[in-house]
Amino acid sequence: MHPHAAPATTAPGGLDDGRTAVAAVDLVKVYGSGDTAVRALDGVTVGFARAHFTAIMGPSGSGKSTLMHCLAGLDTATSGRALLGGTDLTAQSDKVLTKVRRERIGFVFQSFNLLPQLTAEQNIVLPLELAGRRPERGLLAHLTESLGLTGRLGHRPGELSGGQQQRVAVARALISRPEVVFADEPTGNLDSRSGAEVLSFLRNSVRELGQTVVMVTHDPGAAAYADRVVLLADGRVAGSLDNPDHGSIAAALQELGSRR
Ligand code: ADP
């Protein structure tokens, strides 16, 4: 591995090259107006490769959550494009965005977001059922086994540890074979061992299932599981690292901090 800081590509290489799952093109997000306006994204252009694991990092307030929310159809940008496959999410109605989120995107949140009254298995398959699809039994069995959830499928979230709950949430995100899984600080509420299990699994899902994963994290140890780190600062792309490790990420973040 030869980690090195390099400027992020200014163009995502188009989405028809088959290699880019999701991309931002000159994305701008302004909250509020007039004197109190905050430019959370200030012209972000970046592509996220298919079947790769990418981490988005940067100081607090740099725009990580805003970028993820715009790319996931959870928030609308002020200008620019948020592209998922051939779809520009910035041009869609709320109704279409709801459908896109349900059918084409998987989510893993810091706080698990499982429904307490449903069993683990019911939680895993709920989004698919809402979309009118049946779970692939083979994939469910594979996810259950590789996530260490065998024997736990009949349990409710309250009967599971935090790590187990997050692994249920990961299975829920992957069962629909979404075009991209967005993970927002997925290890933020976990001890280091449970966090490592979740991150290893996400990395394996990229290798074994060809899953595309985009993760926001402030933890260099978590980001080191990714194939690539995209760095944000002040609402702009400030660089990227290929094949990052803990040391190269920490150094890049420190350099970002000292530039500010
Ligand atoms: P990060 O995830 O990197 O911490 P955010 O995307 O949450 O950064 O925030 C980027 C900037 O946008 C910050 O200055 C933040 O205060 C501002 N911001 C985020 N959400 C809102 C909002 N709903 N209303 C106003 N300002 C916001």
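Here a trainee and a mentor talk through a predicted model of a protein, asking what backs each label.

Trainee: What ground rules apply to this predicted model?

Mentor: Residues are numbered from 1 along each chain as its sequence is written, and side-chain values use heavy atoms, with hydrogens and water left out. Local features need pLDDT of at least 70 and side-chain atom pairs count only at pLDDT 80 or more, while totals for chains, interfaces and linings use all residues.

Trainee: How many helices and strands are there in the protein?

Mentor: The protein has 8 helices and 11 strands. Both are DSSP runs numbered from the N terminus: helices are H or I with at least four residues, strands are E with at least two.

Trainee: What makes the protein as compact as a globular protein of its length?

Mentor: Set the value against the rule. The radius of gyration, taken over C-alpha atoms, is compared with 2.2 Å times the number of residues to the power 0.38. For 260 residues the globule rule gives 18 Å, and the protein's radius of gyration is 18 Å, so it is as compact as a globular protein of that length. The C-alpha trace spans about 50 × 40 × 40 Å along its principal axes.

Trainee: Why is Thr119 called buried?

Mentor: Buried means under 20% relative accessible area, exposed means over 50%, and partly exposed is in between (1.4 Å probe, protein chains only). Thr119 has 15% relative accessibility, so Thr119 counts as buried. It lies in the loop between strand 7 and helix 3 (120-130). Of the 260 residues of the protein, 50% count as buried.

Trainee: And what does Thr119 touch, not counting residues up to four places away in sequence?

Mentor: Leu153, Gly154, His155 and Arg156. Contact means heavy atoms within 4.5 Å. Across the protein, 70% of the contacts with a separation of 6 or more come from residues 24 or more positions apart.

Trainee: How do you know that strand 7 is largely enclosed by the rest of the structure?

Mentor: Count its residues. Strand 7 (residues 105-109) has 5 residues and 4 of the 5 are buried, so strand 7 is largely enclosed.

Trainee: What makes strand 7 and strand 8 a pair?

Mentor: Two strands pair if DSSP finds at least two bridges between them. Strand 7 and strand 8 (residues 180-184) have 5 bridges in the parallel sense, so they pair. Gly106 stands opposite Val181 in strand 8.

Trainee: Which loop holds Glu185, and is Glu185 buried or exposed?

Mentor: Glu185 is in the loop between strand 8 and helix 6 (192-209). Its relative accessible area is 12%, so Glu185 is buried. Leaving aside neighbours within four places in sequence, Glu185 is in contact with Gln110, Val216, Thr217 and His218. Ser111 is 74 residues from Glu185 in sequence, yet the two are 8.9 Å apart in space, C-alpha to C-alpha.

Trainee: What is worth noting about the phi of Glu185?

Mentor: Most residues other than glycine have a negative phi. The phi of Glu185 is near 45°, a positive value in a residue other than glycine. Asp234 has a positive phi as well, near 55°.

Trainee: Why is Asp234 called partly exposed?

Mentor: Its relative accessible area is 47%, which falls between the two cut-offs, so Asp234 is partly exposed. It lies in the loop between strand 10 (228-233) and strand 11 (236-242).

Trainee: What makes strand 3 and strand 6 edge strands?

Mentor: The open sheet of 4 strands has the order 3-2-5-6, with antiparallel pairing. Strand 3 (38-49) and strand 6 (87-88) each have a single partner strand, so one side of each is left without a neighbour in the sheet.

Trainee: How many bridges join strand 5 to strand 6, and to strand 2?

Mentor: Strand 5 (residues 79-84) and strand 6 pair antiparallel over 2 bridges, with Leu83 opposite Asp88. Strand 2 (residues 20-31) is joined to strand 5 by 5 bridges, also antiparallel, and Val28 stands opposite Ser79.
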